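Here's an informal walk through one protein model, for anyone who likes to click around while reading. Have the viewer open.

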Amino acid sequence: MTTTPPYVPPEAPPRPPPAADGLVSAARRNLREIAHGLAHPSHPPVPPLAGASKRWRRLLPYIAVLVLAAIFVPVTLNVLTNEYGMAEGLAGLLAVAQTAPLLMLAHRPLQAWWIIFPADIVGALVLLKYPEPLMAVWPWPPPTLIAYLFVMLAVALRETRRTVISVWALTAVASLVLHLGGTDRSNGTAGLLPALGAVFMVIGAVIRERGDAQRRLAEQETISEAERAQRTLLEERTRIARELHDVVAHHMSVITVQADSAPYRISGLPEQAHEEFAAIAASARESLTEMRRLLTLLRSEGAEGERAPQPGLDRVQQLVEATVRTGLPAELSLSARLPDVPQAVDVSAYRIVQEALANVIRHAPGARTRISVTSDGTHLTVLVVNDRAREPDSPLEASGTGHGLVGMRERVRLTGGTLDTGPLPDGGFRVAARLPLTPDARAPEDS
């Protein structure tokens, strides 16, 4: 009686350690990235100078590749037929395949490399069937080598560092394999292409990375300038809001006093009217309290509130006189019969004149300046015009009270008016603000 031995399953092969799995997956991932980089250009199919402002600069890449192709196609054909003794038909096909794709270097250098690189290898293998001429260079004839260097330079100028290194590595491997496969034909020149190609690719990569750095710097400067302008706008709006606090607080205080005193000034009011006036006064006090809290938030850390009242048109003459004492010849024309001006418009008009005079001192020192404040009953017009600067540099360091034209625009927008600023033909500058005196005279919001 025989017994069947129990079935023993075969042992599974030992699994590689986790570290080996990580290395294998990393190698596969790198190979996939290299293959993707070689198969997909990292730039759109546009020439390097496509964004140039002048047309002749935009045409430079196309002119360059046309010159390269016009030179290397006949030169390569002549070398293959006369120096290496190749048949004209075959030499023509190889010459076109090895040099005609130079026309693609302006917009598709990586695709041009995919055509020229295999064509150069095929050309080197074909040359093995022909007798070796005297002083011949193999596997890369001189015109083929020089044209390939231009291809490597173009690839380095447009592609990523990984793709550039991959192109150089494949070129070096092809040179080594051809050298080992034809040692009797190779006279040591097989390493010439990888060596010179490395130099050309380093030069191209340095130029490309420098251009990328300049482009990023320009973009960052543009972003910084936009952020600076936005910050200036917000600071000016905050400063205007702090100034208008006094105007609004005055009106709210008047409402509070009138609501509190109404029951004592008007006799015979019913109880509901007393309660209504009390509620109005309480709401006004609460609004004043909230405004003070808001002002505390708007005020910069460590800054103290202004204790002097906000200036208005009644102080424009003093402002002009103080400006004249600094050496700026200024003339003021102020209408003697101005209608009732709202406080917000009053403050805005004074600040516009102040900022305009500060800009004249800063940018046009010594220029004759004329200030005019007039009204047609519905609008207040503020006009500040200065002539060309008489002095090269300002003797004063005048920083003004705000941010120049930004502050003027915000004040005019606040009141619903319009602002017109710009240089004059004689080299001077003009600031014209038109501020409404009634709600019906306000300009549309988009103006």
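What follows covers the open and enclosed spaces, then a pair of strand pairings, then one residue in a helix. Keep in mind that this is a predicted model.

**Pocket and cavity**

Start with the largest pocket, which has a volume of about 740 Å³. It is lined by 27 residues, and those closest to its centre are Pro47, Pro48, Leu49, Leu157 and Arg158. Helix H2 (55-83), helix H5 (142-158) and helix H7 (192-265) are the elements that each give two or more residues to this lining. H7 supplies the largest share, with 7 residues.

Now for the enclosed space. The count comes to 1 cavity of 30 Å³ or more, and the largest cavity has a volume of about 50 Å³. Two helices, H3 (88-99) and H4 (109-127), each give two or more residues to its lining. H4 has the largest share there, with 4 residues. To find the spot in the viewer, pick out lining residues including Leu80, Met86, Leu94, Gln98 and Asp120. Pro139, Pro141 and Thr144 are also among the residues that line this cavity.

Here is the make-up of the two linings:

| Space | Nonpolar | Polar | Charged |
|---|---|---|---|
| Largest pocket | 16 residues | 5 residues | 6 residues |
| Largest cavity | 7 residues | 3 residues | 1 residue |

**Strands around E5**

Next, look at strand E5 (residues 429-436). Strand E3 (residues 379-386) pairs with E5 in the antiparallel sense, over 8 bridges. One place to check this is Asn386, whose bridge partner in E5 is Phe429.

Strand E4 (residues 418-423) also runs antiparallel to E5, and 6 bridges join them. Here Asp420 stands opposite Ala432 in E5. The hairpin of E4 and E5 has 5 residues between the strands, and Gly427 in this hairpin takes a positive phi near 100°. As a reminder for reading side chains here, in a regular strand they alternate between the two faces of the sheet.

**Asn359 in its helix**

Last stop: Asn359, found in helix H10 (residues 343-363). Is Asn359 buried or exposed? Asn359 counts as buried because its relative accessibility is 15%, and the cut-off for buried is under 20%. The side chain of Asn359 makes a polar contact of 2.7 Å with the side chain of Arg362. Setting aside neighbours within four places in sequence, Asn359 is in contact with Ala364, Gly404, Leu405 and Met408.

Terms used:
Residues numbered from 1 in each chain as written. Predicted model: local features only at pLDDT ≥ 70, side-chain atom pairs only at ≥ 80, totals over all residues. Heavy atoms only, no water. 1 Å grid on protein atoms, 1.4 Å probe; cavity = no way out; pocket = protein on both sides within 12 Å on 5 of 7 lines; lining within 4 Å. Points joined across faces, edges and corners; volume = space filled by probe spheres on them. Nonpolar A, V, L, I, M, F, W, Y, C, P; charged D, E, K, R; others polar. Buried < 20%, exposed > 50% of the residue type's maximum accessible area, 1.4 Å probe, protein only. Polar contact = N/O pair within 3.5 Å; in protein donor to acceptor, adjacent residues only side chain to side chain. Contact = heavy atoms within 4.5 Å. Pairing = 2+ DSSP bridges.
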